[in-house]
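Please take a moment with the sequence and the structure shown here, and then follow the explanation below.

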Amino acid sequence: MSKGFAVLPADAPRYVLANATVPGVFLDDLPQPPDSDGLVSADIVVSEGVVERVAPAGSETAFPGIDLDGGMVWPTFVDMHTHIDKGHIWPRKPNPDGTFDGALEAVAADREAEWTAGDVARRMDFSLRAAYAHGTSLLRTHLDSSPPQHLISWPVFAEMRERWAGRIDLQAVSILPIDLFLDESFADEITGVVAEFGGVLGAVTFMMPDLDIALDGMMRRAAEAGLDLDFHVDETGDPSARSLRAIADGAIRNRFPGRIVAGHCCSLAVQPAEEADATMERVAEAGIAVVSLPMCNMYLQDRVAGRTPRWRGVTLLHELMARDVSVAVASDNTRDPFYAYGDLDMLETFREAVRIIQLDHPIGAWARLASRAPAGIIGRDDHGAIAAGRAADLVLFRARTWTELLARPQADRTVLRAGAAIDRTLPDYRELDDLMRPSA
């Protein structure tokens, strides 16, 4: 049995990843009890690209294998909230002041000037190549869908979903201001587009006089079309932003039958405790899942020139999870005016979430927020776990413990798809140079 995992057994239809360390939250059947950090020592038998079984460490010695020497093994990542249609536009349209309003204005200008089908397709593909190399197998992207962009980006997404089939499973969500659902004609049109391309209906909610009317219309159309919902919610530090409560009330009022996701929910963290508690109870009652985008929210929220930010910008993830609300973390924006950095690496997202939201002491159960939890939230339980009969889609790390895993970027990780190591070469930013002339 070889030591280390730089090279998998050549042409071996059946092999064992021996002496692995696996977070217990990713295992359906524990081969032995987890330690105090929620980690399990295991041998993972892979046969014809599928996990044959997960056994106690040291028990599988009958065929070729690799001794991982305690190295950690995860299922591939699930990134449930991204924006690959606007990714990588920073070089041609940076955010002038780093604020949320600055990002809105910059993206709107760039979209109007530059977002042809060819431009969107190239940047999408670049983003997906990075996500794939880092170990993501399922990704949900929001697509700017204010007219006329919806007629450009949705067909591009459909082509990209087909091109990437078998490597990254793709889902898409419309993103547009909620007040556009007060326009009956366009509300019907965008619902039809989303349904045609097998997407999820989404919008950005904010406080306005007819918010309940817009939500009722959106939920009615989604229910009739059999669509799930995914919202951008209260992405602000203004405590008077309470659209999360309006969504929860609307879901209960309309008895909405599908899944609902609420992203961001930043203002919940700055509201009076009794108000936040009441909203979270309503969210739990409505069965709404919440996804936090810690890197982007920390970047944008509470940004005032010349002043140190006073809060971290993230929502009440601990309190939501304590109420049995399904929660997850995700990458959000990548090198665009909403977030100047990022590379669609869900390990980076999880590592920074641990720091920003204090998802530690112990870490154990929180690991599911980057893989198994989002898979369940978006209806793909076939991702995010390691079990007999599942594809051997795995990420192998040299790190043996949580502190080793999260102390470094783990750039030397190995990604297996159907049991075989993939080429992890990241795309070169120079490939996009010809697209990066500044827009007007």
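Across which strands does helix H3 lie? In this predicted model, helix H3, made of residues 150-163, lies across S8 and S9, and its direction runs at about 170° to S9.

The strands that H3 lies across belong to an open sheet of 3 strands, which has the order S7-S8-S9 and parallel pairing. Strand S7 (77-82) and strand S9 (169-175) stand at the edges, and because each has a single partner strand, one side of each is left without a neighbour in the sheet. Neighbouring strands of this sheet are turned against each other by 15° on average, direction ignored. Looking at one pairing in detail, S7 and strand S8, which covers residues 136-144, are joined in the parallel sense over 4 bridges, and Thr82 has Thr141 of S8 as its bridge partner.

From the sheet we can turn to a pair of helices. Two packed helices are described by the angle between their axes and the distance between the axes. For helix H5 (residues 211-225) and helix H6 (residues 243-254), the axes come within 10 Å and cross at roughly 50°, which means that H5 is oblique to H6. The crossing of H5 and H6 is right-handed. On the side of H5, the contact is made by Leu211, Asp212, Leu215, Asp216 and Met219, while H6 contributes Ser243, Ala246, Ile247, Gly250, Ala251, Arg253 and Asn254. Sorted by class, the contact of H5 with H6 holds 6 nonpolar, 3 polar and 3 charged residues.

Definitions and conventions
Residues are numbered from 1 along each chain as its sequence is written. This is a predicted model: local features need pLDDT of at least 70, side-chain atom pairs count only at pLDDT 80 or more; totals for chains, interfaces and linings use all residues. Side-chain values use heavy atoms; hydrogens and water are left out. Axes are lines fitted to C-alpha atoms, for helices over the stretch in contact, and angles run from 0 to 180 degrees between N-to-C directions. Helices (H or I, at least four residues) and strands (E, at least two) are DSSP runs, numbered from the N terminus. Angles under 35 degrees count as roughly parallel, over 145 as roughly antiparallel, 65 to 115 as roughly perpendicular and the rest as oblique. A crossing is left-handed if the near helix is turned anticlockwise from the far one by less than a right angle, and right-handed if clockwise. Contact means heavy atoms within 4.5 Å. Ala, Val, Leu, Ile, Met, Phe, Trp, Tyr, Cys and Pro count as nonpolar, Asp, Glu, Lys and Arg as charged, and the others, Gly among them, as polar. Two strands pair if DSSP finds at least two bridges between them.
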